[in-house]
Amino acid sequence: LRYPRSFPPTLFDTSTMLATAIVSALAFNGPATRTPVRSGSVQMMAKSQALPFLEVAPALDGSMAGDVGFDPLGFAKSDAQTLTWLREAEIKHGRVCMLATAGWIAVDQGVHFPGAAYEGLKSLTAHNAMVDSGNMYVMLMAVFMLEAVGGLALYEQSLGSGRAAGDY
């Protein structure tokens, strides 16, 4: 068994592993609770919990999961419809990335389409094999249909259907 670096692990390796363990453990912490604000008091604009030197946008009222006022680029200062569209896009991109990661791992584990043309594919060669066989066009049409259905859902949401972002 050969190790890519010297063995035993160096101080850098140990600190990297420790930092990774701490960050992954912190990922399971719940969101910070907000302190209630008295309604009768006069206040300046509230400051962000995430970035205390920035003011929190009115749209970031804590109603969404994980909302602690983090908006350094000011996206939440736009209208409510734009903010809903941005939330929808963030959820969709996250789901696509999860599917892509699962597909990458599945191909390397030997999951592939039946047939001799797909035997021995690895994740780095799968894309070119799909393009060469013409199957990438079928997948492109499937993605087009899914995007069309998603576009209809966004259109209905813009008309006030009440659907939450990412809720299909």
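Among contacts in the protein chain between residues at least 6 apart in sequence, what percentage join residues at least 24 apart? The share is 30%, where contact means heavy atoms within 4.5 Å.

This is a predicted model, in which local features need pLDDT of at least 70 and side-chain atom pairs count only at pLDDT 80 or more, while totals for chains, interfaces and linings use all residues. Residues are numbered from 1 along each chain as its sequence is written, and side-chain values use heavy atoms, with hydrogens and water left out.

Start with the whole protein chain, coloured by secondary structure: it has four helices and zero strands, helices being DSSP runs of H or I of at least four residues and strands runs of E of at least two, numbered from the N terminus. Of its 168 residues, 14% count as buried, that is, under 20% relative accessible area, with exposed meaning over 50% and partly exposed lying in between (1.4 Å probe, protein chains only).

Next, select residues 135-158, which form helix α4; its 24 residues reach 35 Å from first C-alpha to last, close to the 34 Å expected at 1.5 Å a residue, a span reckoned as 1.5 Å times one less than the number of residues. Within α4, show the side chains of Ala153 and Gln157 together with Gly150, which are the buried residues of this helix, and then display α2, which is included in what covers them. Just beyond α4, pick Gly160, whose phi is positive, near 100°.

Finally, move to helix α2, residues 80-108, and select Trp104 there, which is partly exposed because its relative accessible area is 46%.
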